[in-house]
Amino acid sequence: MLLFLDVDGPLVPFGAADRAHPLYDGPPVPAGHPLLPRVDPALGPRLTALGCALVWATTWGDDANDCLAPWLGLPPLPVVRWPDEDERPAPLHWKTRPLARWAADRPFVWVDDEITGADRAWLAAHHPAPALPYRVDHRYGLTEADFAVLEEWLRAHRRGVLTRPRTPPSAPR
């Protein structure tokens, strides 16, 4: 099971009017990443405990491994390389199709703060394996409630409750 992970919003919360975002201590903050102390280092072990193959799905690119992985205590992770596209596939998020291609026929979870119903519907219709496009509230980042949803979905998948019929190779997708 893959877990595609966005950074800005899910890991770096932007803060909410009703609550200031906490700041955390960790390794030295690299130049150019002043928001890194907003990332809770405890998220690294929590993400690892989900038992998924973690993959960076962020515009941070290799900076996610250089700056964020050490902060979270994670090893270097694969990084999705985004295609250069002039036209965005509205109303889909620009990441939706590339992530489905990257996953191929594998099940996945996608954690992002910009996922919409259009992305969910497109993945349900076009991705042959179970997929959970999960939207995180960018004001707070990943919370205990979010982890509860992810863990329940993963448990259901591992029990075989979440299955998708295979699309015959000749059928259009």
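This dialogue walks through the sheet and one helix of a predicted model.

Reader: Which strands form the sheet, and in what order?

Author: The model is predicted, so local features need pLDDT of at least 70 and side-chain atom pairs count only at pLDDT 80 or more, while totals for chains, interfaces and linings use all residues. Residues are numbered from 1 along each chain as its sequence is written, and side-chain values use heavy atoms, with hydrogens and water left out. Strands are DSSP runs of E with at least two residues, helices runs of H or I with at least four, both numbered from the N terminus, and two strands pair if DSSP finds at least two bridges between them. Here four strands make an open sheet in the order 2-1-3-4, with parallel pairing. Strand 2 (53–56) and strand 4 (131–135) each have a single partner strand, so one side of each is left without a neighbour in the sheet.

Reader: How many bridges join strand 3 and strand 4?

Author: Strand 3 (residues 108–112) pairs with strand 4 in the parallel sense over five bridges, and Trp110 has Pro133 as its bridge partner in strand 4.

Reader: Which residues of helix 5 are buried, and what covers them?

Author: An α-helix has 3.6 residues a turn, so residues three or four places apart point the same way. Buried means under 20% relative accessible area, exposed over 50% and partly exposed in between, with a 1.4 Å probe and protein chains only. In helix 5 the buried residues are Asp146, Phe147, Leu150, Trp153, Leu154 and Ala156, and their cover includes helix 1 (43–49), strand 3 and strand 4, where contact means heavy atoms within 4.5 Å.
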